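This briefing introduces a structure to a reader who has not met it before. Please view the sequence and the model below, then turn to the points that follow.

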Amino acid sequence: MGGEFLLEYRDVRVDGDDGPIVAGFSARVPAGRLTVMVGPSGAGKTTLLRLLNRLDDPDAGAVLFAGRDVRDYDVLDLRRRVQLVGQVPVTFPGTVADNLAVAGEVDGAAGALARVGLDPGLAAREADRLSVGEAQRLALARSLVLGPEVLALDEPTSALDTTSKAGIVGLIRDLADSGLTVVMVTHDPAHADLADHVVRVDPRSRDPRP
Amino acid sequence: MIAAASGAGFGGPVSFADVALALVLVAVALGVSWWRRVGLESDLAVATARSFVQLLAIGYVLDFVFSDHGALTVVVLAVMVTTATLTSAARAAGVPGARPIAAASIAVATAGTLGVLLALRIVHPQPRVVIPLGSMIISSAMNTTSLVMTRLRQDLAAGRREVEARLCLGQPSREAARPWQRTALRTGMLPTVDQTKVVGLVALPGAMTGMILAGASPLAAIRLQLLVMYMLLGGNAFAALVAGELTLRRLFTADHQLIRSLRRTAA
């Protein structure tokens, strides 16, 4: 990691069915901070996030993690180190504890739940009975138990009510303050106030480097 | 009246005159379609004409193969496998490489199942035995293959969020897709399992009916039918397994990503 920037987009282009989704995009994400990527719907924010853990690959340009092209990493190892949590929280069949163990054995499910503000007593509950807000926290807990270096969040509050939103935003801030590199994508300019670092994503734009 | 017109009537061999008379029932279907504006008249006509030509042709081919040209058995089976492959692949639009997948799964099902029957000396290696049994395996494997390919693609597209959530946690694509692969295999295998459960209760199946109509004893007929049902269970398991495995490989990249057509459904 060493350097100041943990992630970097270098002149990235991603093609969709009707032309580029993003083109000529460059940006850097500092280590151990909260970076908010803000832009209108359809600007390609989700696509940019998906490049970080290689759910998608760019058609041109490169994405670097710790100075190396993400394509040079073992993809399964990369995905564990760069955790991406989607916009709509996904729970898997089984209990909350089962969900935490999807990616492997977990020491202390209770601690993992407490870290994201969930009642450890929920461990035995069926995951499909959680509220959307609880499910979003569970998705975060499931990612954090892997001990990632980066947490990439796609509109983490868009599916939530106002109270849950505030809770999740506070939690994200705390995670960044604890030294985790957090990248969050949002269409809500208000979230930029939370950020240590803001990257604007304009439709098909050529963003200047920060 | 009918018996007098056709000469023999049923009970002995069916003459072409009998077949021509049975067209009365096709006329009934045409009548219903026309009367109720179902719009199937031309389809019925095509189906009737095609069935006549196709079966007449295969009748002559089989007659030729059975009369001392047994070496052609493999050719006949290969033509059947090819036709089944093209049919199955056409149904599985959206699955890349559907043809090679269908070819492999139908061929493995046929070779595997016939191989077991021959190796255990359950059936004799004669064209008269191998071709009819092979055709049953092939047509059943064709349906299974289409079902597995189609279902797996549809389910992975519909379950894209969950599949990708699993990939995000570092699961390999094979593991991430396992719940959907299981469902697809079930979908492919279940119709035969259900048929086997109700055989004799809901319908007397084809092989048995044929033998009884041809004058065999019902007990001889059920032995053949049991053989056929067990054979189809095995054949479809082969087909489902191969189709499920190969389809899965074509729906993910080597880098454990869903293929583009499944990925870009909601950008």
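Leu44(B) counts as partly exposed because 17 C-beta neighbours lie inside 10 Å, a count short of the 20 or more that a buried residue needs. The model is predicted. The points below start from Leu44(B), which is placed in helix α3 (residues 41–66) of chain B, and go on to the helices, the contact with chain A, the core and selected residues.

**Leu44(B) and its surroundings**

- Apart from neighbours within four places in sequence, Leu44(B) is in contact with Val26(B), Ala29(B), Leu30(B) and Ser33(B).
- Leu44(B) and Ile101(B) are 57 residues apart along the chain, and their C-alpha atoms are separated by 32 Å.

**Chain B as a whole**

- Chain B has twelve helices and zero strands, and its pattern along the sequence reads α-α-α-α-α-α-α-α-α-α-α-α.
- Taken along the principal axes, the box filled by the C-alpha atoms of chain B is roughly 75 × 55 × 35 Å.
- Of the 267 residues in chain B, 32% are buried.
- When contacts in chain B between residues at least 6 apart in sequence are considered, 68% join residues at least 24 apart.

**Helices α5 and α6 of chain B**

- In general, a pair of packed helices is described by the angle and the distance between the two axes.
- Helix α5 (residues 98–119) of chain B and helix α6 (residues 127–158) of chain B have axes that come within 9 Å and cross at roughly 140 degrees.
- The two helices, α5(B) and α6(B), are therefore oblique to each other, since roughly antiparallel is kept for angles over 145 degrees.
- The crossing in which α5(B) passes α6(B) is right-handed.
- On the side of α5(B), the contact is made by residues including Ala98(B), Ile101(B), Ser105(B), Ile106(B) and Leu114(B).
- On the side of α6(B), the residues that make the contact include Val130(B), Gly134(B), Ile138(B), Met142(B) and Met149(B).
- By residue class, the contact of α5(B) with α6(B) has 13 nonpolar, five polar and no charged residues.

**Helices α6 and α9 of chain B**

- The axes of α6(B) and of helix α9 (residues 178–198) of chain B come within 8 Å, crossing at roughly 150 degrees.
- At this angle α6(B) and α9(B) are therefore roughly antiparallel to each other, and their crossing is right-handed.
- Among the residues of α6(B) that make the contact are Ser140(B), Thr144(B), Leu147(B), Arg151(B) and Asp155(B).
- From α9(B), Trp180(B), Gln181(B), Ala184(B), Gly188(B) and Thr192(B) are among the residues in the contact.
- The contact of α6(B) with α9(B) consists of eight nonpolar, seven polar and two charged residues.

**Contact between the chains**

- Chain B gives 16 residues to the contact and chain A gives 22 residues.
- Helix α7 (residues 160–168) of chain B supplies seven residues, the largest share of the side of chain B that touches chain A.
- That side of chain B is made up of six nonpolar, three polar and seven charged residues.

**The largest nonpolar core**

- The largest nonpolar core holds 117 residues, of which Leu52(A), Ala141(A), Ala152(A), Val182(A), Val183(A) and Ile106(B) touch the most other members.
- Helix α11 (residues 218–251) of chain B contributes 14 residues, the largest share of this core.
- Beyond its neighbours within four places in sequence, Val182(A) is in contact with Leu34(A), Thr35(A), Leu151(A), Leu153(A), Ile172(A), Leu175(A) and Ala176(A).

**Residues with a positive phi**

- Most residues other than glycine have a negative phi.
- Arg54(A) has a positive phi, near 65 degrees, and is found in the loop between α1 (45–52) and β4 (60–65) of chain A.
- Arg54(A) counts as buried because 24 C-beta neighbours lie inside 10 Å.
- Arg121(B) is not a glycine and has a positive phi of about 55 degrees; its place is the loop between α5 and α6 of chain B.
- Arg121(B) counts as exposed because 8 C-beta neighbours lie inside 10 Å.

**Asp11(A)**

- Asp11(A) is part of strand β1 (residues 5–16) of chain A, and its 13 C-beta neighbours inside 10 Å make it count as partly exposed.
- Not counting residues up to four places away in sequence, Asp11(A) touches Gly24(A), Ser26(A) and Gly61(A).
- From C-alpha to C-alpha, Asp11(A) and Ala27(A) are 8.5 Å apart in space, with their places 16 residues apart in sequence.

Conventions
Residues are numbered from 1 along each chain as its sequence is written. Chains are lettered from A and ligands numbered from 1 in the order in which they are written. This is a predicted model: local features need pLDDT of at least 70, side-chain atom pairs count only at pLDDT 80 or more; totals for chains, interfaces and linings use all residues. A nonpolar core is a set of buried Ala, Val, Leu, Ile, Met, Phe, Trp, Tyr and Cys residues joined through C-beta atoms within 7 Å. A residue is buried if 20 or more other C-beta atoms lie within 10 Å of its own, exposed if 12 or fewer, and partly exposed in between; C-beta atoms are placed from the backbone. Helices (H or I, at least four residues) and strands (E, at least two) are DSSP runs, numbered from the N terminus. Two residues are in contact if their C-beta atoms, placed from the backbone, lie within 7 Å. Axes are lines fitted to C-alpha atoms, for helices over the stretch in contact, and angles run from 0 to 180 degrees between N-to-C directions. Angles under 35 degrees count as roughly parallel, over 145 as roughly antiparallel, 65 to 115 as roughly perpendicular and the rest as oblique. A crossing is left-handed if the near helix is turned anticlockwise from the far one by less than a right angle, and right-handed if clockwise. Ala, Val, Leu, Ile, Met, Phe, Trp, Tyr, Cys and Pro count as nonpolar, Asp, Glu, Lys and Arg as charged, and the others, Gly among them, as polar.
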